[in-house]
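Reader: I'd love a close look at a single part of this protein, the pocket lining, please. After that, walk me through the parts around it and the rest of the chain.

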Amino acid sequence: MSRTRRRHIIKRRRTITGLALVAAISFVAGMTDAIGLLLSGDFVSFMTGNTTRAALSFADGNYSHALILFCALWVFIAGNAFGIVLAHTVSARRTFVVLSGVAIILATASVLPETSFPRLQFYLVVLSMGMINATVEHIEGLPIGLTYVTGALSRFGRGIGRWLVGDRNPAGWLIQTVPWTGMACGAVTGALLTKYVGNHALWIVAMLTVAIALTTVLMPRPLHLHFHQQPMVSARRRS
């Protein structure tokens, strides 16, 4: 087998593994977003929607709700930052470590009494959805969003436009349908779960996250690093 052929096979396997992982994690994100919205009345990962709703609440004079949503934005940002820091504190198995952290936070949120600590539960779920974005940052150089699909749909639409003007390489933009499909299916599942089991639906999401985390242990160790963007270290620090 030629070296070029071998590299092609390795790249294809990496892509398939990455897409399967993205689909599973997006499914979890979709479940969590639907459950969080039904339990709290606010989005736990759709920060564009929370920004608009916060602005509307502020304009209507509902300052307390606006403050809750603005705080949620910063909790989500903190979750993303914490996920990256957590991923880069380990030399390998980064995806497993981050998903395990997400599962722990979701499990903690699920045991809180819904009526006693509604906002704490809300912020914990928002934190977990920020963290989960650090599990897979890209696939073969293509950016991937796990808890938001507006960017994926935008890239997909632009890819269709490029195809219409003559670009016949659909691989990059077809990949963007994976997180949307996973999130849409997860949202439907999460809505149905909440309808029948209420607050206990968060437990199910936490257990599913644990199952996905354990599955990633089977991945070759280099893949855990391959799906993450490596930090750029300044020349002064390197020296």
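The pocket and its surroundings

Author: Happy to! Sorted by type, the lining residues of the largest pocket come to 9 nonpolar, 4 polar and 1 charged; here Ala, Val, Leu, Ile, Met, Phe, Trp, Tyr, Cys and Pro are nonpolar, Asp, Glu, Lys and Arg charged, and the others, Gly among them, polar. Keep in mind that this is a predicted model, in which local features need pLDDT of at least 70 and side-chain atom pairs count only at pLDDT 80 or more, while totals for chains, interfaces and linings use all residues. Residues are numbered from 1 along each chain as its sequence is written, and side-chain values rest on heavy atoms, with hydrogens and water left out.

The lining has 14 residues, and those nearest the centre of the pocket are D33, T147, V149, M183 and A187. Two elements give two or more residues to this lining: α1 (3-40) and α8. The space in the pocket is about 210 Å³. A pocket, on a 1 Å grid over the protein atoms alone, is an open set of points where a 1.4 Å probe fits, with protein on both sides within 12 Å along at least five of seven lines, and lining residues have an atom within 4 Å of a point. Its volume is the space filled by probe spheres set on the points, which are joined across faces, edges and corners.

Let's step back to the whole chain for a moment. The protein has 11 helices and 2 strands, and from the N terminus on they follow the order α-α-α-α-α-β-β-α-α-α-α-α-α. Helices (H or I, at least four residues) and strands (E, at least two) are DSSP runs numbered from the N terminus. Of its 239 residues, 41% are buried, where buried means under 20% relative accessible area, exposed over 50%, and partly exposed in between (1.4 Å probe, protein chains only).

Helix α8 turns up again on the outside. A nonpolar surface patch of about 990 Å² is built from V111, V188, L192, Y196, V197, W203, I204, M207, V210, L214 and V217. Such patches take residues with over 30% relative accessible area and no salt bridge, joining nonpolar side chains (Val, Leu, Ile, Met, Phe, Trp, Tyr) within 5 Å and like charges within 9 Å; areas come from the Shrake-Rupley method with a 1.4 Å probe, only the protein chains shown counting as cover for residues. Both α8 (177-197) and α9 (201-216) supply at least two patch residues, and α9 gives the largest share, with 5. V188 sits in helix α8 and is exposed, because its relative accessibility is 52%. L214, for its part, belongs to helix α9 and is exposed as well, at 51% relative accessible area. In space, the C-alpha atom of L214 is 6.9 Å from that of F96, although the two residues are 118 apart along the chain.

Now for the charged pairs. The whole structure holds 2 salt bridges, a salt bridge being a side-chain nitrogen of Lys or Arg within 4 Å of a carboxyl oxygen of Asp or Glu. In one of them D42 pairs with R53, with 3.9 Å between the closest N and O atoms. D42 lies in the loop between α1 and α2 (47-59) and R53 lies in helix α2, so this pair ties together parts that are 11 residues apart in sequence. D42 also meets R119 in a salt bridge, at 3.3 Å from N to O. That second pair links distant parts of the chain, since R119 is in helix α5 (residues 118-131), 77 residues from D42. Shared partners join D42, R53 and R119 into one network. Within it, D42 is buried at 1% relative accessibility, whereas R53 is partly exposed at 30% and R119 is partly exposed at 29%.

Two more places are worth a visit. N133 sits in the loop between α5 and β1 (138-139) and is buried, at 10% relative accessibility. Its C-alpha atom is 9.3 Å from that of Y148, 15 residues away along the chain. G157, in helix α6 (residues 150-164), is partly exposed at 37% relative accessible area. Between G157 and L174 the C-alpha separation is 9.8 Å, with their positions 17 residues apart in sequence.
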